[in-house]
Amino acid sequence: MANTERDLAGAQREHWQDTYAAHPGMYGEQPSAPAVHAAEVFKAAGAREVLELGAGHGRDALYFAREGFTVQATDFSPAGLEQLREAARAQAVAGQVTTAVHDVREALPLPDASVDAVFAHMLLCMALSTREIHAAVGEIRRVLRPGGVLVYTVRHTGDAHYGAGTAHGDDIYEHAGFAVHFFDRDLVDALADGWTLKEVHAFEEGDLPRRLWRVTQSLPR
């Protein structure tokens, strides 16, 4: 990892840890719309084990568990994952959820072909370089079983914040302490190389509103 990437990664890790600590359950208890969609996609694919990357305090991981999946939830914020575990106990799904502190820039602590499906809501568009994003998707491919499904969402270059705020290069811009890598369609297509790209769905979220793509792709069986 280059020094500038390492510095930005460290700053973002600290920022998210402080944010979760200061605002417990900051995204609420209801699942995101992409998670509701992903659960249906995963069920249709016959998935039973779901890996969520960037699970935060767990609103989506807990939804997957309530829908009957076994969930492995990762995030680089111990504070967020502690909130997730507390909520899992309160919702009586603790037996279906495991957590691990993990930075997506590192190799996943899982064996090859060990999960059925992967979900990542706005994780890949964090402060990651294009190189790091490709490496992360390579790791996702490694841990998915044949026929496995990936559903991810990212903010794209049509978003109002693209090109504004503090520029870090590589289409990464920072606003209010949060750094975002805005995706163009070429990057989406490049990440789907060797996969079956099933859908690139445009949607909006939040008050700005944020403009995102929801991407669904699967591995060959």
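This report describes the sheets, two helices and a few individual residues of the structure shown above, which is a predicted model.

**The seven-stranded sheet**

Strands of a sheet pair through backbone hydrogen bonds, and they may do so in a parallel or an antiparallel sense. In this model, seven strands form an open sheet in the order S3-S2-S1-S4-S5-S10-S9, and the pairing within this sheet is mixed. Its edge strands are S3 and S9, each of which pairs on one side only. If direction is ignored, neighbouring strands of this sheet are turned against each other by 15° on average.

Some of the pairings can be followed residue by residue. Strand S2, residues 70-75, runs parallel to strand S3, residues 97-101, and five bridges join the two. Within this pair, Asp-75 stands opposite Val-101 in S3. To get from S2 to S3, the chain passes through helix H4, residues 78-90, and this β-α-β crossover is right-handed. Strand S4, residues 115-121, and strand S5, residues 144-155, are also parallel, and they are joined by six bridges. Here Val-118 stands opposite Leu-150, which belongs to S5.

How do strands S9 and S10 pair, and over how many bridges? Strand S9 (residues 196-205) and strand S10 (residues 210-218) pair in the antiparallel sense, over nine bridges. Thr-196 has Ser-218 in S10 as its bridge partner. The two strands S9 and S10 form a hairpin with four residues between them, and in the turn Gly-206 has a positive phi of about 85°. The loop between S9 and S10 also holds Pro-209, and the peptide bond that leads from Leu-208 to Pro-209 is cis, with omega near -5°.

**The three-stranded sheet**

A further open sheet has three strands in the order S6-S7-S8, and its pairing is antiparallel. Strand S6 (166-169) and strand S8 (178-181) stand at the edges with a single partner strand each, so one side of each is left without a neighbour in the sheet. Neighbouring strands of this sheet are turned by 25° against each other on average, again with direction ignored. Between S6 and strand S7, residues 172-175, there are three bridges, and these two strands run antiparallel. Gly-169 stands opposite Ile-172 in S7.

Strand S7 also contains His-175. Is this residue buried or exposed? His-175 counts as buried, because its relative accessibility is 18%, and the cut-off for buried is under 20%. A polar atom of the side chain of His-175 lies 3.0 Å from the backbone oxygen of Ala-164.

**Two helices**

The length of a helix can be compared with the span expected at 1.5 Å a residue, as the table does for H4 and H5.

| Helix | Residues in the helix | Expected span | Distance between end C-alpha atoms |
|---|---|---|---|
| H4 | 13 residues | 18 Å | 18 Å |
| H5 | 14 residues | 20 Å | 20 Å |

For H4, the distance between the end C-alpha atoms agrees with the expected span, and the two values for H5 likewise agree. The buried residues of H5, a helix that covers residues 130-143, are Glu-132, Ile-133, Ala-136, Val-137, Glu-139, Ile-140 and Val-143. These residues cover an arc of only 155° around the axis, which puts them on the same side of H5. In H4, the residues Ala-79, Gly-80, Leu-81, Gln-83, Leu-84 and Ala-88 are buried.

**Two alanines with positive phi**

Helix H4 is followed by Ala-92, which lies in the loop between H4 and S3. Although Ala-92 is not a glycine, its phi is positive, at about 60°. Ala-92 is exposed, because its relative accessible area is 66%, and the cut-off for exposed is over 50%.

Where does Ala-176 lie? Ala-176 is in the loop between S7 and S8, and it has a positive phi of about 50° although it is not a glycine. With a relative accessibility of 74%, Ala-176 counts as exposed.

Notes: Residues are numbered from 1 along each chain as its sequence is written. This is a predicted model: local features need pLDDT of at least 70, side-chain atom pairs count only at pLDDT 80 or more; totals for chains, interfaces and linings use all residues. Side-chain values use heavy atoms; hydrogens and water are left out. The expected span of a helix is 1.5 Å times one less than its number of residues. Buried means under 20% relative accessible area, exposed over 50%, partly exposed in between (1.4 Å probe, protein chains only). The arc is that of the directions from the helix axis to the C-beta atoms. Two strands pair if DSSP finds at least two bridges between them. A crossover is right-handed if, with the strands pointing away from the viewer, the path from the first strand over the helix to the second runs clockwise. Axes are lines fitted to C-alpha atoms, for helices over the stretch in contact, and angles run from 0 to 180 degrees between N-to-C directions. A polar contact is a pair of N or O atoms within 3.5 Å; within protein, one must be able to donate a hydrogen and the other to accept it, and residues adjacent in sequence count only if both atoms are side-chain atoms.
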